[in-house]
Amino acid sequence: MTRLEKFFLKTSVMELIANGTLNILEEENHIKDVLSRIVVEMIKREWPQHWPDMLVELDTLSKQGETQTELVMFILLRLAEDVVTFQTLPPQRRRDIQQTLTQNMERIFSYLLNTLQENLNKYQQVKTDAAQESKAQANYRVGVAALNTLAGYIDWVSMNHITAENCKLLEMLCLLLNEQELQLGAAECLLIAVSRKGKLEDRKPLMVLFGDVAMHYILSAAQTADGGGLVEKHYVFLKRLCQVLCALGNQLCALLGVDSDVKTPENFGKYLESFLAFTIHPSQFLRSSTQMTWGALFRHEILSRDALLLAIIPKYLRASMTNLLKMGFPSKTDSPSCEYSRCDFDSDEDFNAFFNSSRAQQGEVMRLACRLDPKTSFQMAGEWLKYQLSTSVDAGPTNAGTGEGSLCSIFSPSFVQWEAMTFFLECVVNQMFRTLEKEEVPVTEGIELLQMVLNCDTKDPLILSCVLTNVSALFPFVTYRPEFLPQVFSKLFSAVTFETVEESKPPRTRAVRNVRRHACSSIIKVCRDYPQLVLPNFDMLYNHVKQLLSNELLLTQMEKCALMEALVLVSNQFKNYERQKAFLEELMAPVANIWLSEDMHRVLADVDAFLAYVGADRKSCDPDLEDPCGLNRARMRFCVYSILGVIKRTCWPSDLEEAKAGGFVVGYTPSGNPIFRNPCTEQILKLLDNLLALIRTHNTLYAPEMLAKMAEPFTKALDMFEAEKSAILGLPQPLLELNDTAVYKTVLERMQRFFCTLYENCAAPCVFVKPLVLCCPPEFCEALVSPILGPLFTYLHMRLSQKWQVINQRSLLCGEDEAADENPESQEMLEEQLVRMLTREVMDLITVCCVSKKGADHTAVPAADGDDEEMMATEVTPSATAELTDLGKCLMKHEEVCTALLITAFNSLAWKDTLSCQRTTTQLCWPLLKQVLTGTLLADAVTWLFTSVLRGLQIHGQHDGCMASLVHLAFQIYEALRPRYLEIRAVMEQIPEMQKDSLDQFDCKLLNPSLQKVPDKRRKDQFKRLKDQFKHLIAGCIGKPLGEQFRKEVHIKNLPSLFKKTKPMLEADVLENESVLATIFEP
């Protein structure tokens, strides 16, 4: 456009703003929005260089009336959003406009505040006059627009503007909190201001909000908003006010320090009381919002010693006792919280997930409060426990009826109280023992509470589960009074065999099963954490367990194995190899008799015999009849659980001298490290062959010809449970009623659980291979691990490639035939998610085997559903931190294994799993490739490797984290291989939008020998510039988000820069210019 055309367009648009729209109350919002955006687009192209008077013109327009003022507010807001928030401009134009805005910010802020003040005054004068209602509404609209515009600037302008004129802006915002129509916008602005980060010195004026006037306005606004019950608009405002108080508390914690001149505010007590009011509000959201700030206050070095804060701790704990009650489900009406929950949550499942997360956070804060006042906390917990023990059980109206009364449901009043009290007691007692010195612990009171809990006799499974948790929580007191240990075990063992009145045999309800498992877990926990305390009572414990194990039907297989694990944990304290070995031999004798029998050997080695033994080949069974093969499956599970449990729990003494004295050390390695022997080795080795046979047979079942041998009801026995599918898909889990149904109602469900537990415990590759790799001594890697991993990695790559090929073809060919399938979308999503999980597991296994990463914990299993934060991370892990392990180097020596590893790693970059791509790129690809760089690579291999990375960029480039790490890897490969392989340049030339001249320049710089001779710091900077240039070169193959793929690019030309840096004249230039040289000597 010519300058004349631009002038005409600008004049026409400004005329439209002045006279071309309807009245502020009549004009449509979308017209106002488009008109303001047109002006902003002109500003982005012309201001300030070609339109220096823009702000003056806007100011003049706004003087015409409310309609124009509102449009000016829209223009200023949209301009800030485009320049600062969304940054939709080229860097130079953005810099020019933002710096000019900053230079004029005092003027802009003054204009915004004056506009807000004027319209507020006018609104307050006429709002009660019915004759001037339209005038009042016009002023109200301008006030709202001014607040919205301020919100767009407060987040990034200098704090000086926010605190100017003795914090005039903050004062005005506090006043507006009591103006009902404008209070929400004011609260938004105040929240943004109080949440500002930056230099502590700049933030000190924010402490004015702790003053009498500001605190009065904030508290009176909160009381008014909460006074009329639940009104959605007022409730949203309350949320903002709560966030303001939270942010204010966090600012105080940041500013108040040992070296700071900021003092504890005089109104700190008033602040705490008002903050506590939000903590006891019926809204679960408001309660939860306060927890992090309470934690910051309790954790603060100075405030945690303040008398006002210490005085409010009992009140906070009393409030927590109420907040821990799981009440307020949206579908119910049994609590004031329910009404608020209907505003915040879509379903009971959503509320349940939020409450559980919030309760965990509250537990952390309660522990911090207990650390400051442990004795008061323990006293309150004790009183609550005594009250619950003395109160009769109230199952409520929604109970599950049984023959002799009613059992509690998860919604029953008594269970809700017991559950909350139990959580409170756990937090308090746990923290008290960490905080108090040994002689300060209230042992007498603790033992009294423990005795009361042990004497509690209930037949309600949900209440009994809470009782067991209280026993575990109070157990540390037994370390002071060991004579109570038999009573504790008696209570726990009675719960191991717990039955409700009607039940005497399986199938049991979930609630009963949970109680029994809970008791077993409690026994294991006691034996794990206090083995020395239990050791004197070992014989009593062993006899009791033997008595329970003698009845095959009394306990489930998992319960039997849990008790065996508890015995093994205590036996580790024998610290005598021969004694422990003899004990384990006696303990495992029943297992060995079953597992090593000829019948079992035949069953485990032959698929047909196995199917017949477990009952999977039987025709339709009546689920109400006895399961004829249930006992067979139970025995098999018992053996597997026992073998794995004994392996898991048996260990030698951690102290070397004790290990030597006990006969656990049998020699030393050449490097001088001791070689230990495990007491369970002989027993387990006898059983290992059959265990491996079971794994082989179980994996064979998935072959189509084997599936065909299963009878009709059991053809789906190898499928996943619906609950597991929902968990993988991230669907909310339904709230289970624990008393109404058996755990597994049909024979099919029990068969399904049998196969599932077998797979989880021994058939999954990670269960066996990963521990083998981590525990194998280096000298046996070549002979033992390499022959296993080579074929395994090759096979896993083949399987994964096939799975991803199916997924990719499905996404390309979405045929109409699939619509006829039964629920195909969820099935496809499930299959894709399973392949992603398997991919992550395989890549993690390869990383564990091959790469040693500083600070890495290979024992931690990655989350199945991925970690979005890691996916979005833009930090690129330097390759120097990841090196091949000795095993990795050993594997890379074998050509077949090396090929399988490289192909799997680089192929995975193009699989549609962002998390796997990110991890493989940063941890695996370069260490593997670096190992083979010293040798000779085929040109085709080099081309394929580089192309694989570029293909990964095409698929995952839309994610910043993946894009950064893939660009880094591509640059490393190009830098390392370009000097030796010209073919890699040919790949670069095929990238879309590749400029050959730019590629020539890049190659010239990269291949320049002098680059290697410069100092380290300069070389690092040069390589950074080269990498940025490389990223620009390959931009044509970097994938974009779907929303940007077809967007028409808007090009905004740069204007002459306003802020050019003057270049200092070089010495040579000075000498060449005689006139300049002459001026040096002028007097």
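**Exercise 1. Work out what span helix α13 should have, and compare it with the distance between its end C-alpha atoms.**

Solution. Helices here are DSSP runs of H or I with at least four residues, and strands are runs of E with at least two, both numbered from the N terminus. The expected span of a helix is 1.5 Å times one less than its number of residues, so the 24 residues of α13 should span 34 Å. The end C-alpha atoms of α13 are 35 Å apart, which agrees with the expected value. The model is a predicted one, in which local features need pLDDT of at least 70 and side-chain atom pairs count only at pLDDT 80 or more, whereas totals for chains, interfaces and linings use all residues. Residues are numbered from 1 along each chain as its sequence is written, and side-chain values use heavy atoms, with hydrogens and water left out.

**Exercise 2. Determine how many residues of α13 are buried, and what α13 gives to the largest nonpolar core.**

Solution. Buried means under 20% relative accessible area, exposed means over 50%, and partly exposed lies in between (1.4 Å probe, protein chains only). By this criterion 17 of the 24 residues of α13 are buried, and the helix is mostly covered. A nonpolar core is a set of buried Ala, Val, Leu, Ile, Met, Phe, Trp, Tyr and Cys residues joined through side-chain atoms within 4.5 Å. The largest such core has 239 residues, and those with the most contacts inside it include Tyr271, Trp294 and Phe755. Helix α13 (residues 232-255) gives the most to this core, with 13 residues. Apart from it lies another core, of 75 residues, among them Cys781 and Leu1033.

**Exercise 3. Identify which residues are in contact with Trp294, leaving aside its neighbours within four places in sequence.**

Solution. Contact means heavy atoms within 4.5 Å. With those neighbours left aside, the partners of Trp294 are Leu272, Phe275, Leu276, Thr279, Leu309, Ile312, Tyr316 and Val365.

**Exercise 4. Describe the surroundings of Glu179.**

Solution. Begin with its place, which is the loop between α9 (164-176) and α10 (183-194). Glu179 has a relative accessible area of 8% and is therefore buried. Beyond its neighbours within four places in sequence, Glu179 is in contact with Leu120, Tyr123, Gln124 and Lys127. With Lys127 the side chain of Glu179 also forms a polar contact of 2.6 Å; such a contact is a pair of N or O atoms within 3.5 Å, where within protein one must be able to donate a hydrogen and the other to accept it, and residues adjacent in sequence count only if both atoms are side-chain atoms.

**Exercise 5. Establish how many disulfides the structure has, and where Cys917 stands in this respect.**

Solution. A disulfide is a pair of cysteine sulfur atoms within 2.5 Å, and a search of the whole structure finds zero of them. For Cys917, the nearest cysteine sulfur is that of Cys962, 4.0 Å away. Cys917 counts as buried because its relative accessibility is 0%.

**Exercise 6. Locate the backbone features at Pro48, Gln87 and Lys575.**

Solution. Most residues other than glycine have a negative phi, and most peptide bonds are trans. The peptide bond from Trp47 to Pro48 is cis, with omega near 0°, and Pro48 lies in the loop between α2 (29-46) and α3 (54-62). Gln87, although not a glycine, has a positive phi of about 50°; its loop is the one between α4 (66-85) and α5 (91-103). Lys575, again not a glycine, has a positive phi of about 55°, and belongs to the loop between α28 (557-571) and α29 (577-587).
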